[in-house]
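Me: I would like a close look at a single part of this model, namely the salt bridges and how they relate to the surroundings of the ligand. Please take it step by step and keep the answer connected.

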Amino acid sequence: MTASTADAANETRVPPATSDHVVVFDTTMRDGEQSPGASMSIEEKLELAKILEDMRVDVIEAGFPIASNGDFEAVKKIAQLVTESTVCGLARAGVADIERCAEAIRPAKRGRIHTFISTSPQHRDHILRMSPEDIIEAVHASVTHARNLCGDVEWSAQDATRTERDVLRRCVETAIRAGATTINIPDTVGYTYPSEYAAVFRDLIENVPGADGVIFSTHCHNDLGLAVANSLAGVEAGARQVEVAINGIGERAGNAALEEIVMALKVRGDALPFPTRVRTEHITRASRYVSAITGFPVQFNKAIVGKNAFAHESGIHQDGMLKNSETYEIMRPEDVGQGGTNLVMGKHSGRHAFREKLKDLGYELGQNALNEAFGRFKDLADKKKSVFDDDIIALVDDALARGAERVQVKSLRVIAGTEGPQEALLTLVVDGAESTATATGDGPVDAVFNAIHKIVPHDAMLRLFQVHAVTEGTDAQAQVSVRLEEDGRIATGQAADTDTLTASATAYVNALNNLFARKEKSAPEPLTASGF
Ligand code: KIV
Ligand code: ZN
């Protein structure tokens with residue numbers, strides 16, 4: 001296929017390079033998933049894709065199709081599902097990678113191939129063993145091949161910020177000549193600082209032929225805590241795409257956080273007149289969902305989405321806030337979808353009010369999911385005097401994060417306290433059949449997990465067990481995350497309940513279900529740094 005026929009196959013929506021609009025490229029499902037332990041199931045990725053599309057993210061990087069069958073399927077299914085955002089897949093600079101990626105994004109209304117190769121001396125000499133000339137040849141071949149398969153091609157210079165400027169210019173020029181429509185300049189190792197990063201963009205935009213016909217993109221890692229500052233410096237210097245991840249998850253210290261960049265551009269539009277299309281009221285929901293499915297908690301003082309981001313503790317601040325919220329708030333909690341802890345409903349609330357509440361919180365559930373959530377809400381309202389927005393969010397996210405349920409918790413009784421050994425009597429339903437076991441342990445949680453082991457023998461190792469209270473008070477729901485690992489496969493489960501031990505058992509069982517689903521679907525293949 002030629003480049004022009006590829007254009008017709010995939011509708012492209014690349015804003016003109018002169019526009020001040022900034023394209024938001026979300027890589028939570030690709031670079032974000034590369035955070036150790038942050039793997040997501042296909043169902044979770046599909047739900048996240050819907051959340052990102054509703055939020056009006058321009059490009060969703062849905063995965064690395066050649067990395068595993070699971071990644072391929074996830075990208076393909078997201079390409080079938082999403083119609084408003086561009087769906088992108090990652091590929092190294094080799095024929096097999098690019099063709100697998102093209103196949104995965106083929107169903108997309110708007111698809112993009114993102115191909116990359118390392119350009120820095122460190123990567124050239126120690127990983128690829130290629131000269132600058134070899135790299136330039138590979139850029140030409142890979143981008144040309146990708147462009148023949150898709151009208152929208154992004155090319156990235158991995159480790160660009162440690163690359164000699166003349167080599168980087170030649171690589172970028174080659175990618176543009178071969179048909180790349182977006183040029184990404186990653187700070188792969190989080191090494192640069194704002195003025196240096198800005199200078200790289202200015203140099204490329206001023207000196208590379210054809211630079212005015214493409215979009216330049218930032219992609220910053222947070223090793224020195226500078227990812228957001230560097231990305232904004234890139235935008236000021238002419239970049240018009242930012243690659244970001246929800247909650248800033250990603251390799252090592254993570255990527256630039258979507259919520260921080262988008263809100264910086266919104267709040268400081270006076271000084272940074274580069275708007276995005278993102279519907280910022282959806283930010284908190286996206287943040288909570290990513291935290292729930294990865295089991296990565298959001299730190300309390302995290303900018304924009306932390307629990308304390310809009311809390312005012314000192315008397316002076318509270319006094320100012322009561323007089324006028326502008327005294328200590330530069331944005332309103334509602335702007336990012338933080339509704340506060342409103343007392344919402346109790347056990348007398350009906351289905352209609354519940355559905356309306358879910359709508360306010362940004363959830364559109366189908367009839368079955370709504371009925372299930374309503375039943376769980378009623379159970380919760382029976383146990384807990386006051387049901388807050390955060391309780392409802394935990395309850396619904398918990399249900400959404402569940403994969404296929406081969407194993408379910410039927411009942412649990414635990415003997416705990418100072419007189420050990422602690423003991424758990426557990427009944428599970430496994431593939432439709434009930435099974436009961438008693439187990440002791442070093443503490444009640446250990447006893448519960450040992451009972452699960454007895455009923456469902458498995459080799460998975462427990463990698464994370466984490467509990468936090470959804471709201472305040474002794475009747476608060478406990479939200480528990482469990483991460484399991486077996487043969488390099490990682491699965492996370494999560495559950496909320498007013499009983500911490502029930503939540504722990506359910507979270508463990510959810511993680512097991514996700515692990516089983518992953519085993520059935522994916523056959524990981526080892527990846528090396530280049531596609532050659
Ligand atoms: O950090 C990086 O260089 C990357 C590339 C694959 C774009 O994630
Ligand atoms: Zn990266």
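Reply: A salt bridge is here a side-chain nitrogen of Lys or Arg within 4 Å of a carboxyl oxygen of Asp or Glu. The model is predicted, and side-chain atom pairs count only at pLDDT 80 or more. By this rule the count comes to 29 salt bridges. Side chains of opposite charge can pair when their charged atoms come close.

One such pair is glutamate 133 with arginine 170, whose closest N and O atoms are 2.9 Å apart. Glutamate 133 belongs to helix 6 (residues 132–149) and arginine 170 to helix 7 (residues 165–178), so this salt bridge ties together parts that are 37 residues apart in sequence. Glutamate 133 counts as partly exposed because its relative accessibility is 44%, and arginine 170, with a relative accessible area of 34%, is likewise partly exposed.

A second pair is glutamate 260 with lysine 302, where the closest N and O atoms are 2.5 Å apart. This pair also links distant parts of the chain, with glutamate 260 in helix 10 (residues 258–267) and lysine 302 in the loop between helix 11 (283–294) and helix 12 (315–323), 42 residues apart. Glutamate 260 is partly exposed, at a relative accessible area of 22%, whereas lysine 302 is buried, at 10%. As for the rest of helix 10, its buried residues are Leu258, Glu259, Ile261, Val262, Met263 and Leu265, and what covers them includes strand 1, helix 9 (227–236), strand 8 (241–244) and helix 11.

The pair that leads to the ligand is glutamate 61 with arginine 30, whose side chains meet in a salt bridge of 3.0 Å, N to O. Here glutamate 61 sits in strand 2 (residues 59–63) and arginine 30 in the loop between strand 1 (23–26) and helix 2 (42–54), so that distant parts of the chain, 31 residues apart, are linked. Both glutamate 61 and arginine 30 are buried. The pair is part of a network of salt bridges that links Arg30, Asp31 and Glu61.

Two members of that network, Arg30 and Asp31, are also among the residues around ligand 1, a list that further includes His114, Phe116, Ser156, Gln158, Asn184, Pro186, Thr188, His219 and His221. By class, the residues of this shell divide into 2 nonpolar, 7 polar and 2 charged. Strand 4 (111–118), strand 5 (153–158) and strand 6 (182–187) each supply at least two residues of the shell. Turning to individual atoms, a polar side-chain atom of arginine 30 lies 3.0 Å from an oxygen atom of ligand 1, while an N or O atom in the side chain of threonine 188 is 2.6 Å from an oxygen atom of the ligand, and for the side chain of histidine 221 the corresponding distance is 3.0 Å. Of the 260 Å² of accessible area that ligand 1 has on its own, the protein covers 96%.

Asn184, one of the residues around ligand 1, is also in contact with serine 217, a residue of strand 7 (residues 215–220). Serine 217 counts as buried because its relative accessibility is 0%. Its side chain makes a polar contact of 3.0 Å with the side chain of glutamine 241, and another, of 3.5 Å, with the side chain of glutamate 243.

Notes: Residues numbered from 1 in each chain as written. Chains lettered and ligands numbered in written order. Predicted model: local features only at pLDDT ≥ 70, side-chain atom pairs only at ≥ 80, totals over all residues. Heavy atoms only, no water. Helix = DSSP H or I, 4+ residues; strand = E, 2+ residues; numbered from the N terminus. Buried < 20%, exposed > 50% of the residue type's maximum accessible area, 1.4 Å probe, protein only. Near = heavy atom within 4 Å. Polar contact = N/O pair within 3.5 Å; in protein donor to acceptor, adjacent residues only side chain to side chain. Areas by Shrake-Rupley, 256 points an atom, 1.4 Å probe, with all protein chains shown as cover. Nonpolar A, V, L, I, M, F, W, Y, C, P; charged D, E, K, R; others polar. Contact = heavy atoms within 4.5 Å. Lists of a residue's contacts leave out its neighbours within four places in sequence.
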